[in-house]
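Got your viewer open? Let's take a walk through this one together, one selection at a time.

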Amino acid sequence: MAGVKIDGLEKKFGSLRVLKGIDLDIRDGEFVSFLGPSGCGKTTLLRSIAGLEEIDEGQVVLGGQPISKLPPAKRDIAMVFQNYALYPHMNVYKNLSFGLSLNGVPKAQIDERVQNAARILQITELLKRRPKQLSGGQRQRVAIGRAIVRDPKLFLLDEPLSNLDAGLRVTMRVELANLHKRLGVTMIYVTHDQVEAMTLSDRVVVLDQGKVAQFGTPLELFYAPRNLFVASFIGSPKMNFLDVSAKSSGEKELTVSAAGMSGEIKVALEGAAKDVVGPHTLGIRPDNIELVAQDEAHMNGQVLLVERLGTESQVHIKLENGQTFVAIARGTHPAATGDGVYLKFPAQHCHIFNGEGQAYPR
Ligand code: ATP
């Protein structure tokens, strides 16, 4: 079993606190992504697990064994870097076998492992070539192959697809997903690309300034973001937000209203206490806004721009309070710039966040 348990991990660079008490429990065989904006600490967390950064506090446990004090080479972890880090003067076979030779693995066994990895990655015919004779995608496969031959307990991948063009990224993404299924080994993947994280991962860790903002399945993050940060980070186009006032109305229900809003919205929320009152934020995803007739609407607005993408239209709307909302309508929406539109926010799709930006669980 090779799950990863991280307890109270702290890391500073000088006086800059980069990781602030990270706790994570990653299951054996899981594919987990670290996702977050630039500078939130993804790479530092990955490097701390690998042992490439010395941590200030806390523990990393791999397969039940504390590894924080072990040097990187003793951790049974393989890392794939963004720039591949291949040896330019060695051919592919050598690139794959070099680490094993250094560790004194017998030649016959090395050959078996290299041929096996090459077969899995379909690079057998490239074994004699040097890195500069390979395409970006082929280099990427060699870098992954170098991790596979080591048969590690854990794979760490740091933005491994970011140097590839858009088409190849998609192909390699599918290959990575298949590779994970085939090997069944625990993988941790760093990316700032939410589509990559959402499509590849069993679960995603969203990091915000050195803290875990939420750790959940891709759909949990999308449908039940725990706070404003995750709500605004996950989803494209972004969730729309509106300042509202909210108060408890009955058992597990909040009633929200806002300046310029017709009527009120009653939102059923399991996590709402009986004594809620005060300023809140309402969040609603673009595809959950309904463009309706005036008498059914919660708010009025004016069309700024319609982007027609074929299967859907993204309608940019200026509300009366000056804010811009995006609504997605299926198919080709007929609205033109300057038209008046009427927005409805269906209660079952409204996310409500308290003054601290925390969501009420549904
Ligand atoms: P990106 O997506 O841009 O790669 P990231 O989320 O991986 O970002 P990290 O590289 O982990 O972020 O960096 C987290 C913070 O730590 C940043 O503020 C960065 O400037 C700082 N940092 C990282 N490495 C060092 C270092 N060796 N010395 C000083 N500060 C560092």
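The tour goes from the ligand to the sheet and then on to the helix pairs. Keep in mind along the way that this is a predicted model.

**Stop 1: the ligand**

Select the ligand and bring up its surroundings. The shell is made of Phe13, Leu16, Val18, Gly36, Ser38, Gly39, Cys40, Gly41, Lys42, Thr43, Thr44 and His192. Colour these by class and you get seven polar, four nonpolar and one charged residues. Which elements supply at least two residues each? Those are strand E2 (16-26) and helix H1 (42-50). H1 gives the most, with three residues.

**Stop 2: the sheet**

Stay with E2 and show the sheet it belongs to. Four strands make an open sheet in the order E2-E1-E4-E5, and the pairing is antiparallel. E2 and strand E5 (65-66) are the edge strands, each with a single partner, so one side of each has no neighbour in the sheet.

Now pick strand E1 (residues 4-13) together with E2: they are paired in the antiparallel sense over eight bridges. To see one of these pairings up close, click on Leu9, whose bridge partner in E2 is Ile22. Next, add H1 to the view, where it packs on the sheet and touches E1, E2 and strand E4 (57-62). The direction of H1 makes about 65° with that of E2.

**Stop 3: H2 against H4**

Hide the sheet and select helix H2 (residues 92-102) along with H4. Their axes come within 9 Å and cross at roughly 30°. Angles under 35 degrees count as roughly parallel, and H2 and H4 are therefore described that way. The crossing is right-handed. For the side chains, show Val92, Asn95, Leu96, Gly99 and Leu100 of H2, which meet Val142, Gly145, Arg146 and Val149 of H4. That contact of H2 with H4 comes out as five nonpolar, three polar and one charged residues.

**Stop 4: H4 against H5**

Keep H4 (residues 136-149) and swap H2 for helix H5 (residues 166-183). Here the axes come within 10 Å, again with a crossing of roughly 30°, so H4 and H5 are roughly parallel to each other. This crossing, too, is right-handed. Which residues make the contact? On H4, select Gly136, Gly137 and Gln140; on H5, select Leu168, Thr171 and Met172. By class, the contact of H4 with H5 has four polar, two nonpolar and no charged residues.

Note on methods. Residues numbered from 1 in each chain as written. Predicted model: local features only at pLDDT ≥ 70, side-chain atom pairs only at ≥ 80, totals over all residues. Near = placed C-beta within 6 Å. Nonpolar A, V, L, I, M, F, W, Y, C, P; charged D, E, K, R; others polar. Pairing = 2+ DSSP bridges. Contact = placed C-beta atoms within 7 Å. Axes fitted to C-alpha atoms, helices over the stretch in contact; angles between N-to-C directions. Parallel < 35°, antiparallel > 145°, perpendicular 65-115°, else oblique. Left-handed = near helix turned anticlockwise from the far one by under 90°.
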